[in-house]
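Biologist: I have a new structure open and would like to learn how to read it. Could you take me through it step by step?

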Amino acid sequence: MYSVKEAFYTLQGEGIQAGRASVFCRFSGCNLWSGREQDRERAQCRFCDTDFVGTDGQGGGRFSDAASLADHIVELWPFPVGASGSVPYVVFTGGEPLLQLDAALIDAMHQRGFEVAVETNGTLPAPPGIDWICVSPKGDAPLAQTYGNELKLVYPQRDLAPARFSGLEFDHFLLQPMDISHVPEHHIPTTESPMQATLEYCLSNPLWRFSLQTHKIAGIA
Ligand SMILES: C[S@@+](CC[C@H](N)C(=O)[O-])C[C@H]1O[C@@H](n2cnc3c(N)ncnc32)[C@H](O)[C@@H]1O
Ligand SMILES: Nc1nc2[nH]cc(C(=O)O)c2c(=O)[nH]1
Ligand code: SF4
Ligand SMILES: [Mg+2]
């Protein structure tokens with residue numbers, strides 16, 4: 001059984017694949033926050049910008065097996081598979097997708113002609129076969145997934161220097177300014193704006209690329 005908060009067609013807004021047409025499948029639930037505002041203060045991850053509670057979002061629901069969820073995702077890709085001139089792409093996110101994403105679902109997406117990406121907090125190991133792994137470490141939550149395609153750190157986080165991650169096996173290192181619009185003031189680790197702090201870090205440390213949440217600028221999901 002898979003629990004999905006929402007699933008929809010959009011453009012990947014973040015990271016190296018920004019701008020790519022994608023079906024987003026947002027699983028319900030996370031291991032670093034309950035998703036309830038009254039628990040945010042005590043959570044391991046306190047700056048989350050996402051509602052991942054329940055299965056009531058657009059295209060959400062409960063799916064009894066991999067085939068039924070994979071068929072649902074294929075239906076959200078607005079072209080006959082193989083006809084759009086590029087490979088169909090699904091991004092599994094959440095919540096924390098590695099609580100639910102398994103080999104059966106990855107295989108089912110590959111069988112249907114999709115490339116498979118994941119956005120994970122890195123606290124759980126990724127199953128084999130994922131085509132694009134984005135790890136976004138959180139506070140002091142121990143990292144189990146120490147390799148992948150991109151490491152995308154939300155910046156700044158208290159006591160979390162980017163240099164801690166720069167020796168890991170990733171092809172790309174990105175810093176993404178923390179969106180603080182919904183974060184209580186006392187959790188904001190700097191008086192400088194996250195945007196300014198991130199710009200300055202990337203200018204001083206060229207290993208790190210600047211990643212904007214372009215979907216928020218564009219006003220899409
Ligand atoms: C909502 S998370 C879901 C996937 C997974 N749980 C994770 O944390 O990577 C998706 C992406 O949004 C990023 N994100 C969450 N809250 C953010 C915020 N306030 N500002 C910028 N990026 C944020 C996360 O770091 C992650 O890269
Ligand atoms: N357009 C768009 N791009 C995204 N990239 C990562 C997202 C996420 O929440 O995982 C996200 C999202 O929520 N929307
Ligand atoms: S780990 Fe990801 S989904 Fe979970 S609370 Fe943090 S940003 Fe949100
Ligand atoms: Mg998002």
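Modeller: Gladly! Let's start with residue classes: Ala, Val, Leu, Ile, Met, Phe, Trp, Tyr, Cys and Pro count as nonpolar, Asp, Glu, Lys and Arg as charged, and the others, Gly among them, as polar. Keep in mind that this is a predicted model. The protein chain has an average pLDDT of 96, and the predictor gives the complex an ipTM of 0.99.

Biologist: How many residues of each class are in the shell around ligand 3?

Modeller: Six are nonpolar, four polar and two charged. Among the residues around ligand 3 are Cys30, Leu32, Trp33, Glu96 and Lys138.

Biologist: And which residues are closest to ligand 1?

Modeller: Those are Asp49, Thr50, Asn121, Ser136 and Asp179, out of 18 residues that surround ligand 1. By class, this shell has five nonpolar, eight polar and five charged residues. Strands β5 (115–120) and β7 (147–155) each supply at least two residues of it.

Biologist: Now for helices. Why do residues three or four places apart point the same way?

Modeller: An α-helix has 3.6 residues a turn, so residues with that spacing point the same way. Now look at helix α1 (residues 66–76), where Leu69, Ala70 and Ile73 are buried. They cover an arc of only 100° around the axis, which puts them on the same side of α1.

Biologist: Which residues are exposed on the other side of α1?

Modeller: Asp71 and Glu75 are exposed there.

Biologist: What covers the buried residues of α1?

Modeller: The cover includes strands β1 (2–11), β2 (21–27), β3 (61–63) and β4 (89–93), along with helix α2 (103–111).

Technical notes
Residues numbered from 1 in each chain as written. Chains lettered and ligands numbered in written order. Predicted model: local features only at pLDDT ≥ 70, side-chain atom pairs only at ≥ 80, totals over all residues. Near = placed C-beta within 6 Å. Buried ≥ 20, exposed ≤ 12 C-beta atoms within 10 Å, placed from the backbone. Helix = DSSP H or I, 4+ residues; strand = E, 2+ residues; numbered from the N terminus. Arc of directions from axis to C-beta. Contact = placed C-beta atoms within 7 Å. pLDDT = per-residue confidence, 0-100.
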